[in-house]
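Take a look at the structure below. Keep both the sequence and the 3D view open while reading.

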Amino acid sequence: MTSANLTDTAQVEQGTSLWKDAWRRLRKNRLALFGLAVLTVFIALALLTPWIAPYAYDAQNLDLGASPPSAAHWLGTDIFGRDLLTQILYGGRISLAVGFVATAVALVIGVTWGAIAGYVGGRVDAVMMRLVDILYALPFMIFIVLLMVVFGRNLLLLFLAIGAVEWLTMARIMRGQVQSLRQQEFVEAAVSLGLSPATIVRRHLVPNALGPIIVYTTLTIPSVMLLEAFLSFLGLGVQPPATSWGLLISYGAETMEEYPWLLIFPGAALTLTLFALNFLGDGLRDALDVRGSGD
Amino acid sequence: MWRFIAGRLLQAIPVILAVITVTFFLVRVAPGGPFDSEKAVIPEVKAALEAQYRLDLPLGQQYLAYLQDLARGELGPSFKYPGRSVNELIAAGLPATAELGAYALLVAVVLGGLAGVVASLKPNSAQDYIPMSVAMIGICMPTFLLGPLLVLVFGIHLEWLPVAGWGDIPGDKILPSLTLGAAYAAYIARLSRAGMLEVMSQDYIRTARAKGLPEWQVVTRHALRGGLIPVVAFLGPAFAGLLAGSFVVETIFQIPGLGRFYVQAAFNRDYTMILGTTVFLSTLIVLFNLLSDILAAWLNPRLRAQYGEA
């Protein structure tokens, strides 16, 4: 509803679209831009890792052992003489992949679920949302630990388990949006033109509800990455020989007294990414949400 | 109010039942039996063990028997610690975890609430930006990173505080409580700031000012009650997070609490222990959510009316 209003006024006054308008506001938010820049760099590094990593992933140098940052090893090496920068780059691939893939799973389930509940309404809506309420009350952190124990520590399962947890809020947001949108004339017009419900949802409802969905997606990624790191830290997430930032932090914490850089650099990588995503999410919320934007 | 509480209690029952059922069957379909690791167990011994743990019964009967046990408050025997029951292990671990959780909650509410209220009194000033930036760091810094960093700085370099243990050396409870409470202090700071900002623009605050109350009384007597409702509503979910956080904090600081038992049980594949602890913790979380809902409704009559009608 709000996004439709914004489009109207924006077009009358300035002849710009919702997205241009949002981008204009986002550009003024330095923290959000910083977040976007950091994120872009990290994603690029993750994509290019196999070509730009200074050493091979499994290259060891047992004679060297753990060494502090130096010209040959910018971030130092771990106790097996493995280059920490290389480890962090490869770990980042997995941490970011978990963040994005699990969020995508949550996005697809949540948006579909919420859109159907909101559009069909009535008893179907009541049952679907009641289920969401019940699932909401379940202690999921404990359930994910349980899942990882029961089914082994499988990366694909980790994606699914985290995604299956995070879709609930997405479904609630989508349902709220759809409920307010379906009262509007353009949806009535679409109905009277004889479009099928599936087409109406896909072509008219989902695009108009995109703002809040994008904002919430941006804020879900850091919480998913945190969850992965939490599990990996406990040894229940990503398993060696693969690595992730959470796993590197866990190794670093074990030897931090002698080799603090092994804790500090992976920790900085994770914290910086979470910062970036949170700033970007907050910035997008301000840029896309009329209520919070103040103009 | 009583109707609201009764309604909420009724809602909690299917949730707890769902937790018990899902956990039970998940654990039962898990690949690998609990005795797989022991090499060449004599068939008679195996049969006796299976009978003891009721693994010889059909699944449905196992489930019903388990429900009966639960109704009597029996969480079952441990697979890995023969002769000890899950009840005993929980009784051994709960005091430390409860104390840690209580201190962490205290840290979160006092530090977070104070920071949020202080920030809300002068929005968009240094008094606002500084605590809120610290809060942002608190949200982005995971517990399992903050804990080791605090140990590194205050335990190892400055040597001000003990690096591990619980109740052995004076001061050894400070770092774990801070570590666990920090993230929630940060959330509470943001929530209470937003809540206070909204309340401070309401008419009744203007009325309070108009009748000549000093500003600190306006804040403490009138604004806080409304402004802190979001914080109270957050306490329920926060409790669940604190429990999960205690897994990490108890592992880092070697605290003999429930969280560490749970993680160890997970590694040992001690299925009955996991099952019992999950059921116990989940029930606790559901009850705590209930409590925080009731408290929030008690503070906010509008919410109470809304639930009363439904």
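What follows is a walk from the chain contact to the core and then to single residues.

Keep in mind that this is a predicted model. Start where the chains meet. The size of an interface is often given as the accessible area lost when the parts come together. Here chain A and chain B bury about 3400 Å² between them. Carbon and sulfur atoms carry 83% of that area. Three residues of chain A stand out: A:Ile142, A:Leu146 and A:Val150 supply 17% of the area that chain A buries against chain B. No other three residues give more. In residue counts, the contact takes 39 residues from chain A and 41 residues from chain B.

Next, look for charge across this interface. The rule finds 1 salt bridge between chain A and chain B. Its partners are A:Asp282 and B:Arg190, with their closest N and O atoms 3.6 Å apart. Polar contacts across the interface number 0 residue pairs, counting pairs with both residues at pLDDT 80 or more.

Which elements of chain A give two or more residues to the side that touches chain B? They are α5 (122–137), α6 (140–150), α10 (210–234), α11 (245–254) and α12 (261–288). Of these, α12(A) gives the most, with 11 residues. By residue type, the side of chain A that touches chain B divides into 29 nonpolar, 5 polar and 5 charged.

Now turn to the nonpolar cores. The largest nonpolar core holds 135 residues. Within this core, A:Phe230 and B:Phe247 touch the most other members. The largest share of the core comes from α12(A), with 14 residues. Follow B:Phe247 outward, leaving aside its neighbours within four places in sequence. On chain A, B:Phe247 is in contact with A:Ile142, A:Val145, A:Phe230 and A:Leu234. On chain B, its contacts are B:Gly259, B:Tyr262, B:Val263 and B:Leu281. Another core, of 15 residues, lies apart from the largest one. Its members include A:Ala115, A:Tyr119, A:Ala190 and A:Ala209.

Is B:Ser192 buried or exposed? B:Ser192 is buried, because its relative accessible area is 0%, and the cut-off for buried is under 20%. This serine sits in helix α7 (residues 174–200) of chain B. Not counting residues up to four places away in sequence, B:Ser192 touches B:Gly112, B:Gly113, B:Gly116 and B:Val117. It also touches B:Gly227, B:Leu228 and B:Val231.

Finish with the charged pairs. Side chains of opposite charge can pair when their charged atoms come close. Over all chains, the structure holds 8 salt bridges. One of them joins A:Arg82 and A:Asp78, at 3.0 Å from N to O. A:Asp78 counts as buried, since its relative accessibility is 11%.

On chain B, B:Lys173 and B:Glu99 meet in a salt bridge at 2.7 Å, N to O. This pair links distant parts of the chain, 74 residues apart. B:Lys173 lies in the loop between α6 (143–157) and α7 of chain B, whereas B:Glu99 lies in helix α4 (residues 86–121) of chain B. B:Lys173 is partly exposed at 24% relative accessibility, and B:Glu99 is partly exposed at 25%.

A further pair on chain B is B:Glu215 with B:Arg209, at 2.9 Å from N to O. B:Glu215 is partly exposed, with a relative accessible area of 37%. B:Arg209 also counts as partly exposed, at 37% relative accessibility.

Notes: Residues numbered from 1 in each chain as written. Chains lettered and ligands numbered in written order. Predicted model: local features only at pLDDT ≥ 70, side-chain atom pairs only at ≥ 80, totals over all residues. Heavy atoms only, no water. Contact = heavy atoms within 4.5 Å. Buried area = accessible area lost by both parts, 1.4 Å probe. Salt bridge = Lys/Arg side-chain N within 4 Å of Asp/Glu carboxyl O. Polar contact = N/O pair within 3.5 Å; in protein donor to acceptor, adjacent residues only side chain to side chain. Helix = DSSP H or I, 4+ residues; strand = E, 2+ residues; numbered from the N terminus. Nonpolar A, V, L, I, M, F, W, Y, C, P; charged D, E, K, R; others polar. Core = buried A, V, L, I, M, F, W, Y, C linked by side-chain atoms within 4.5 Å. Buried < 20%, exposed > 50% of the residue type's maximum accessible area, 1.4 Å probe, protein only.
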